[in-house]
Amino acid sequence: MIYALASLFEFSTDPEMERAWGRIQRVFDIAGIALTGLPHFSWHVAQAYEFEGLTLQLEKFTNDLEPFRLHITGAGIFSGENPVIYLPVTKTPKISEIHNSMTQWILNYTISTNPNYTPEYWIPHITLTGEGFNSDGICQVISELAYIPMNIDLMVDHMAIIYRNETSSGVRKTIKFGAGNL
């Protein structure tokens, strides 16, 4: 089981992103690669969390946050045994500030943090794929995504605790930004 602290997206709320998402879906369908069921922007990933403490701290943390926009450009791939195709997110001072602040307290509620989510290594991105595809599919998807214009802003107004295991993925808890969380 893998858990993440993430912000989820419904691409149908923005006409430009809805068109781009429709094109992305067609590219993945043609290549025979499944898109993630939960398009998300990952803030932190771990093998396990202490959920009660994490939820309370996350409610306090998000209480002081206001919705903001993040900017996507292009497409990328994290290489390795299980490659991940993603949409890069511009690492703005605002995003870095939130991430850096979170990493100061989240380790108190984490078991086995993924080291790629520490401030020095973290690359902000929206995950598109999970696992289970071949190199031909990756090549086909990346070469097609290169021609889809993606210069888009998306609104971030929450954080969610999500999970993925061998057979499913889902949302454990969603917490909106701003007053009223407590």
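This is a short tour of a predicted model, to be followed with the structure open in a viewer.

**The whole chain**

Start with everything shown as a cartoon. The protein has four helices and ten strands. Follow the chain from its beginning, and the elements come in the order β-α-β-α-β-β-β-α-β-β-α-β-β-β. Now turn the C-alpha trace: along its principal axes it spans about 45 × 35 × 30 Å. The radius of gyration is 16 Å, which agrees with the value near 16 Å for a compact globule of 182 residues.

How much of the protein counts as buried? Of the 182 residues, 47% do. Switch on the surface next. The exposed area is about 9,600 Å², and carbon and sulfur atoms supply 49% of it. Then colour the charged side chains: there are 11 positive and 19 negative ones, and the centres of the two sets lie 4 Å apart.

Contacts can also be sorted by distance along the sequence. Among the contacts with a separation of 6 or more, 79% are between residues 24 or more positions apart. Several of the stops below show contacts of this kind in detail.

**Helix H4**

Select residues 135–145, which form helix H4. Which of its residues are buried? They are Gly-137, Ile-138, Val-141 and Leu-145. These residues lie on the same side of H4, because they cover an arc of only 100° around the axis. Look at the face turned away from that buried side, and you find the exposed residues Ser-135, Asp-136 and Cys-139.

Next, add the partners of the buried residues. They pack against helix H1 (15–31) and against three strands: E4 (76–78), E5 (84–88) and E7 (125–129). Keep H1 and E5 on screen, as the following two stops are in them.

**Met-17 in helix H1**

Select Met-17, which is in helix H1. Its relative accessibility is 0%, so Met-17 counts as buried. Show its contacts beyond four places in sequence: Phe-11, Ile-72, Leu-87, Ile-152 and Leu-154. Then draw a line from the C-alpha of Met-17 to that of Met-155; the two residues are 138 apart in sequence and 11 Å apart in space.

**Val-84 in strand E5**

Move to Val-84 in strand E5. Is this residue buried or exposed? Its relative accessible area is 19%, and buried means under 20%, so Val-84 is buried. Beyond its neighbours within four places in sequence, Val-84 is in contact with Gly-76, Ile-77, Phe-78, Thr-127 and Thr-129. Take the last of these and compare C-alpha positions: Val-84 and Thr-129 are 45 residues apart along the chain, with 5.7 Å between their C-alpha atoms.

**Ser-112 in strand E6**

Select residues 110–113, strand E6, and pick out Ser-112. What is its phi angle near? The value is near 60°, which is positive, in a residue other than glycine.

**Trp-122 in a loop**

The last stop is Trp-122, in the loop between E6 and E7. Although it is in a loop, Trp-122 counts as buried, with a relative accessibility of 3%. Show the residues it touches, leaving out those up to four places away in sequence. They are Phe-41, Ser-42, Trp-43, Lys-91, Ile-95, His-99, Asn-116 and Tyr-117. Finally, select Glu-16 as well: Trp-122 and Glu-16 are 106 residues apart along the chain, and their C-alpha atoms are separated by 27 Å.

Key. Residues are numbered from 1 along each chain as its sequence is written. This is a predicted model: local features need pLDDT of at least 70, side-chain atom pairs count only at pLDDT 80 or more; totals for chains, interfaces and linings use all residues. Side-chain values use heavy atoms; hydrogens and water are left out. The radius of gyration is taken over C-alpha atoms; the globule rule is 2.2 Å times the number of residues to the power 0.38. Buried means under 20% relative accessible area, exposed over 50%, partly exposed in between (1.4 Å probe, protein chains only). Contact means heavy atoms within 4.5 Å. Accessible areas come from the Shrake-Rupley method with a 1.4 Å probe; for residues, only the protein chains shown count as cover. Lys and Arg count as positive and Asp and Glu as negative; His and the chain ends are not counted. The place of a charge is taken as NZ of Lys, CZ of Arg, CG of Asp or CD of Glu. The arc is that of the directions from the helix axis to the C-beta atoms.
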